[in-house]
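Hi there,

Here is the structure I promised to pass on. My notes on it follow below.

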Amino acid sequence: MPQYQAVKGTRDIFPDEAARWKFVEGMVHVLASLYGFSEIRTPVFEYTELFQRGIGSTTDIVGKEMFSFLPDPKGRSLTLRPEMTAGVMRAALQNNLLSSAPVHKLYYIGELFRKERPQAGRQRQFSQFGAELLGVSSPAAVAEVITLMMQVFESLDLHGLKLRINSLGDTDDRIRYREALQGYFSPFRDILDDSSKERLEKNPLRILDSKNPALQELIAGAPRLYDYLNDASLQDFEKVLFYLRERGIAYEIDYRLVRGLDYYCNTAFEVTSSELGAQDAIGGGGRYDGLARELGSSADVPAVGFAVGMERLLMTMEKQGLFAALDSRAPLVYVVVQQQDLFDHGMQIAWQLRHAGIKTEIDLAARSMKAQMREANKINASFALFIGSMEQTTGFYSLKNLITSEQTLLSLEAVLELLQESAAKEPLKL
Ligand code: AMP
């Protein structure tokens, strides 16, 4: 066993898999831009208090999953970001973004860190892409972020995903609901587990999030938040659903879907994949108008966003066989050097091809011609360009189409022209 192993809950991504990541990330960049979202990149670590305030101290994330450290004995505690929203809101407030324009549409792709027990689909370092729409959180804005998320899934050809949606109402709705929940759970205090007991006082909505099998029946009988929504909240929710129906986005109302933090309001949603086991959530989001105030802003900032887990998205795509086309991507031309004293000439030609935008491979290990041809076939190169003494002296090169086996003798200019034409049909794939 090698002396050093990757840390538990982290993993290496090798080139074949990295190609898949780039493909998905490319789709995210293109679609986010189509919807008018611009990329934001925030630091990987922040002051610990940001997450304590921004995620909430009763959550598992803050309670037990943060990687926190002291930069020096006198310094303030820092934490590797366990989610993106708090950092994005901090950046927006710190830089007065909303005074420059009333609405900001931001998206991100980045690594997150949570000290969870690693298992399939759950890592200690993982990635998310997501979007945050700041400055307006009307039903149209909510529908905009959900639609963007669903269009990413659709463009990647994913199927079998389920969008569940609910409304958490406004602050007054939730105050009344909180009391109703406390009234419901209090007589059962003795059968609640420790964390639910604690939540009963501080934040009874979070009991509904409990995964404890022993509590599921009790939770199933709890009052529904939906029954405590006032007319304005109901209308707001109906309008979001209307937009989704208009766009042919299938959803299921899930009255048990809650985000147990005070600053979440109105619409909340989650997407699950039947392809994943116990950890079946691919992404989720909702409105969080109260977060800015929690982070020290003098007023609420209307906001709505979503986050999707990259690893789980990729796992689902893999299970659905959506990478088959990607896996066969290969260099367009393989420069085959017939004699090793012509290697430098071959390198020069390869450079010229690459400089002309043609994807080119050459054997840097100076193996035999047979080995080079084997490699060219193995990596599915479309052409082999031969470099022999004849080619060097005459300036005419043998170009073999490895699919049709047709071989032609061409000047370098003609080779470049033909390959460029061919490359235009098959654009450079990263
Ligand atoms: P959350 O921020 O907890 O709502 O998570 C949003 C999405 O991130 C989830 O639906 C998952 O796809 C993904 N995710 C969350 N935690 C992890 C983890 N520990 N490992 C891998 N993916 C995760």
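How much space lies in the largest cavity? About 40 Å³, where a cavity is a set of points, on a 1 Å grid over the protein atoms alone, at which a 1.4 Å probe fits but cannot get out. The volume is the space filled by probe spheres set on the points, with grid points joined across faces, edges and corners.

A word on the source: this is a predicted model, in which local features need pLDDT of at least 70 and side-chain atom pairs count only at pLDDT 80 or more, while totals for chains, interfaces and linings use all residues. Residues are numbered from 1 along each chain as its sequence is written, and side-chain values use heavy atoms, with hydrogens and water left out.

Back to the cavity. The structure holds 1 cavity of 30 Å³ or more. Among the residues lining the largest cavity (those with an atom within 4 Å of a point) are Val28, Tyr107, Phe129, Leu148 and Phe306. Two or more lining residues come from each of α1 (15-34), β6 (125-134) and α6 (139-155); these elements are DSSP runs, helices being H or I with at least four residues and strands E with at least two, numbered from the N terminus. By class, the lining has 9 nonpolar, 1 polar and no charged residues.

Next, the ligand. It is surrounded by 13 residues, each with a heavy atom within 4 Å of it; the closest are Arg114, Glu116, Gln123, Gln128 and Ile282. As for polar contacts (N or O atom pairs within 3.5 Å), a polar side-chain atom of Arg114 lies 2.9 Å from a ligand oxygen. Ile282 places a backbone N or O atom 2.9 Å from an oxygen of the ligand, and for Gly283 the backbone distance is 3.2 Å. β10 gives the most to this shell, with 3 residues. The shell divides into 3 nonpolar, 5 polar and 5 charged residues.

Finally, there are 24 salt bridges (a side-chain nitrogen of Lys or Arg within 4 Å of a carboxyl oxygen of Asp or Glu) in the structure. One of them joins Glu318 and Arg20, with the closest N and O atoms 3.1 Å apart. This pair links helix α12 (residues 310-319) to helix α1, the two residues being 298 apart along the chain.

Best wishes

Key: 1 Å grid on protein atoms, 1.4 Å probe; cavity = no way out; pocket = protein on both sides within 12 Å on 5 of 7 lines; lining within 4 Å. Nonpolar A, V, L, I, M, F, W, Y, C, P; charged D, E, K, R; others polar. Polar contact = N/O pair within 3.5 Å; in protein donor to acceptor, adjacent residues only side chain to side chain.
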